[in-house]
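This report looks at how charged side chains pair up within one protein chain, and then steps back to the chain as a whole. Please keep the sequence and the structure in view while reading.

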Amino acid sequence: MHTFTRIFIVFFVLIICGVNIQSYSQIIEKAPSSPVAVDTIASGGQGGVSVQVNDIFLSGYKRTKPYIILREVPFKKGEKLTVPELNKKLRLCKQQLIYTALFVDVEVTPLKVDSAHVFIYIQVKERWYLFPIPYFKIVSRNFNTWWYEQNHSLQRVEYGLKFQQNNATGRNDNLNLWFINGYTQQMSLRYDNPNMGKSLQHGFNIGFGFRRNRELNYDMDSALPNKWGFYKEEDRFLITQGYIDFTYTYRPAIRTRHSIKAGYGSYSVDSSVVKLNPDYFGKSATRIRYFDIGYSISYANLDYSPYPMKGFAGEVQIENRFGKNSNYLQLTARSNNCFKLGRQSSFQLQSVGIIRSPFNQPYVNNSLMGSADIYMRGLEYYVVQGVAGGIARGTIRNELLSFNVLNPFKSKSHDKIPFRLFIKAYGDLGYSYLPNPGISVLNNKLLRTWGLGVDIITFYDVVIRFEYTYNQLGERDLFFHNQTDW
């Protein structure tokens, strides 16, 4: 039995035991099944009668500007709504405030004064916004690859200081400064302000950084299908990258966002890399410089972004990269559809498609499946290059448990630690086209995987996933993920 299987069984048993003793414990309490549940007003059989929102009262905020909160509230002072309309907007109000990632909890409470007037009380609990914390990260496409294929080597980790100031000026703006050592030496600075102008519809994001490595994946392994080949030198850096980018955002409505991005980058590799793979940058080049220009439009209407049970989110992005030895036009589309099947269950359909032109690209521009955010469940050990392809995922999920654990450390804003546990069944389909697939056994054919899993959602939107998956190669294994899904 694999180590991971043992860990999974033990963890699952502990969860079940914890629930069985919850009636005897003083630190565990029941929690609502949905993080966006709100109090509503009884219509009393008069659903068509209008009520007026007399006023909106805010409390609990310290850093966040009140107008940033009110920007997400879907009703206004003095507005008249029917009771069903108001109840719908009360739920939407909490959903949109949670979606900002500014608050660990939001309470939206209506107080009906009489049959025609109502006051709305919105109480928020702000997150911790300052994170000057030590940084430690495994450098691999996923945890399983690092644990099994790379023998959980500490040489493949990054460490340093990650200074993160979220909600820096109270306008949901973020300032990030990273100093990282280890497998990758890097420094980066980024500032994001999505709420500018009187209408709060404009924003910008600017960042620059530098990184270098003594090891890189220079080509696909010539003996192992769909595996990376790595090359390392202890006494010198093999690859160096610098970049700067600027993005303008326009948010005309709560759920829709337009982005225009421009950037410049430079890559250089050691001559020994080009000897191993002359097509790394193409035409035996040791350096490329490029400009990126891109546009994207995104729409999000999910009940809970980190783990939605209902709603839709989608994005279409077009990017043009041009420069010496680096030219392509890429179109990317993503979608996330969630349909409620019952009070605690839902069906999720996710998809992503990519096409890159021209099809004849150097090695560094051929990535498609196998990254941390575009992969098929059950094929985590493999890399599937391509210039055109996509993935479709179907998942049925049912919530088994939902409870809060009282924080043993005193905190006014973080007095409870929530836990939700789901079981799921899923299946994935994928396809990746590559003009010259070489010894690849996964290119230019329909790929299929399927399996069962357990998801755990807890503090600060952390989602932990255990997935036991089968693939069409006849392989099966337990996989662990903690990145944001999709």
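## A buried pair: Arg-377 and Asp-428

In this predicted model, the side chains of Arg-377 and Asp-428 form a salt bridge, with a distance of 2.7 Å from N to O. Arg-377 belongs to the loop between strand S18 (345–357) and strand S19 (388–406), while Asp-428 is part of strand S20 (residues 416–433), so the salt bridge ties together parts of the chain that are 51 residues apart in sequence.

Are these two residues buried or exposed? Arg-377 has a relative accessibility of 2% and therefore counts as buried, because the cut-off for buried is under 20% relative accessible area. Asp-428 is buried as well, with a relative accessible area of 2%.

## A pair with unlike surroundings: Glu-149 and Lys-227

Another salt bridge joins the side chains of Glu-149 and Lys-227, where the distance from N to O is 2.4 Å. Because Glu-149 lies in helix H4 (residues 143–149) and Lys-227 in the loop between strand S11 (215–220) and strand S12 (228–232), this pair ties together parts that are 78 residues apart in sequence.

Glu-149 has a relative accessible area of 37% and is partly exposed, whereas Lys-227, with a relative accessible area of 16%, is buried.

## A link between distant loops: Arg-251 and Glu-72

The side chains of Arg-251 and Glu-72 also meet in a salt bridge, at 3.0 Å from N to O. Here distant parts of the chain are linked, since the two residues are 179 residues apart: Arg-251 sits in the loop between strand S13 (239–250) and strand S14 (256–269), and Glu-72 in the loop between helix H2 (66–70) and strand S3 (80–82). Both Arg-251 and Glu-72 are buried.

## A network, and the total

Salt bridges can also be joined into a network, as they are for Glu-233, Asp-235, Arg-236 and Asp-270. How many salt bridges are there by this rule? The count comes to 18 salt bridges.

## The chain as a whole

The chain contains 5 helices and 23 strands, and buried residues make up 45% of its 486 residues. Among the contacts with a separation of 6 or more, 59% are between residues that lie 24 or more positions apart.

The accessible surface of the chain comes to about 24400 Å², and carbon and sulfur atoms account for 59% of that surface.

Terms used: Residues numbered from 1 in each chain as written. Predicted model: local features only at pLDDT ≥ 70, side-chain atom pairs only at ≥ 80, totals over all residues. Heavy atoms only, no water. Helix = DSSP H or I, 4+ residues; strand = E, 2+ residues; numbered from the N terminus. Buried < 20%, exposed > 50% of the residue type's maximum accessible area, 1.4 Å probe, protein only. Contact = heavy atoms within 4.5 Å. Areas by Shrake-Rupley, 256 points an atom, 1.4 Å probe, with all protein chains shown as cover. Salt bridge = Lys/Arg side-chain N within 4 Å of Asp/Glu carboxyl O.
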